[in-house]
Amino acid sequence: MQVEHVGEVRSKSLRAASRTLGEFLDRDPRAAELLRNEGPLPDRSGYLQVFLSACASEGLVELRLERRRRIAEIAARDLASGLSLEEVGAALADVADACLAAALQELGASQSLAIIGMGKLGGRELNYSSDIDLMFVADGDIEAATAGAESILRALGEFSPQGQAYRIDVDLR
């Protein structure tokens, strides 16, 4: 009897759970390659380095693709390896946090602009379909900070050929 490699098990599990992510694996060999990684998932700083590198190579297009690859990797591990709910929520939050930080840098947003993750993002309890609740705060040039916040909302919240990175909610109650 042949023993399946961990990447094959993850790929089969992901394909069984999501046609869309299965099709993404077919189109993106780098996503499929991530499923073969046997090391631990990166933490927030590891994801930040990955996303900054993506931005340096191809800008926001590659950032959105790399984010999708990482979500597929987390989902595959969740399905095949039985990650705990806490591990999944924390990993998804780390991806979102690092993606926001990389986008801030890529867009050259004002140095006085900061993003505060609220709700499930702030509590590191994101799930695969969560929106991200954000609060933007700034010190100094409010017009520049507002332009930076609007750029982030467009870059990660609007639809693109690579998909919508996040549904973003800034209308906090």
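Is Arg30 buried or exposed, or does the residue fall in between? Arg30 is partly exposed, with a relative accessible area of 45%; here buried stands for under 20% relative accessible area, exposed for over 50%, and partly exposed for the range in between, computed with a 1.4 Å probe and protein chains only. The model is a predicted one, in which local features need pLDDT of at least 70 and side-chain atom pairs count only at pLDDT 80 or more, whereas totals for chains, interfaces and linings use all residues. Residues are numbered from 1 along each chain as its sequence is written, and side-chain values use heavy atoms, with hydrogens and water left out.

Arg30 is a good place to begin with the charged pairs. Its side chain forms a salt bridge with Glu62, the closest N and O atoms being 3.0 Å apart; the term requires a side-chain nitrogen of Lys or Arg within 4 Å of a carboxyl oxygen of Asp or Glu. This pair links distant parts of the chain, since Arg30 belongs to helix α3 (residues 29-34) and Glu62 to helix α4, 32 residues apart. Helices here are DSSP runs of H or I with at least four residues, strands are runs of E with at least two, and both are numbered from the N terminus. In contrast to Arg30, which is partly exposed, Glu62 counts as buried at 7% relative accessibility.

A second contact between helices is made by Asp97 and Arg44, whose side chains meet in a salt bridge at 2.6 Å, N to O. Asp97 lies in helix α5 and Arg44 in helix α4, so this pair ties together parts that are 53 residues apart in sequence. Both residues count as partly exposed, Asp97 at 32% relative accessibility and Arg44 at 28%. Salt bridges that share partners also build one network, which joins Asp28, Arg30, Glu62, Glu66, Arg69, Arg70, Glu73 and Arg77.

A pair within one helix offers a friendly contrast. Glu23 and Arg19 form a salt bridge with their closest N and O atoms 3.7 Å apart. The two residues are four residues apart in helix α2 (residues 19-27), and are therefore separated by about one helical turn. Arg19 is exposed, with a relative accessible area of 65%, while Glu23 is partly exposed at 37%. Over the whole structure, the search finds 12 salt bridges.

Turning to the strands, an open sheet of three strands has the order β1-β2-β3, with mixed pairing; two strands pair if DSSP finds at least two bridges between them. β1 and β3 stand at the edges with a single partner strand each, so one side of each is left without a neighbour in the sheet. Strand β1 (residues 113-118) and strand β2 (residues 132-138) are antiparallel and pair over six bridges. Within this pairing, Leu113 stands opposite Ala138, and Ile116 stands opposite Met135. β2 and β3 run parallel and are joined by two bridges, with Ile168 in β3 as the bridge partner of Ile132. Helix α7 (residues 142-157) completes a right-handed β-α-β unit with β2 and β3; right-handed means that, with the strands pointing away from the viewer, the path from the first strand over the helix to the second runs clockwise.

Ile132 also takes part in the largest nonpolar core, where Phe51, Leu63, Leu121, Ile132 and Leu156 touch the most other members among its 33 residues. Such a core is a set of buried Ala, Val, Leu, Ile, Met, Phe, Trp, Tyr and Cys residues joined through side-chain atoms within 4.5 Å. Two or more residues come from each of α4 (44-81), α5 (85-106), β2 and α7, and α5 gives the most, with 12 residues.

On the surface, Ile116, Met135, Val137 and Leu172 make a nonpolar patch of about 270 Å². Leu172 lies in the segment after β3 (168-169) and is partly exposed, with a relative accessible area of 37%. Patch residues have over 30% relative accessible area and no salt bridge, and nonpolar side chains (Val, Leu, Ile, Met, Phe, Trp, Tyr) are joined within 5 Å, like charges within 9 Å.

Finally, the loop between α6 (119-122) and β2 holds Arg124. Phi of Arg124 is near 55°, a positive value in a residue other than glycine, and Arg124 counts as partly exposed at 40% relative accessibility.

Methods
Areas by Shrake-Rupley, 256 points an atom, 1.4 Å probe, with all protein chains shown as cover.
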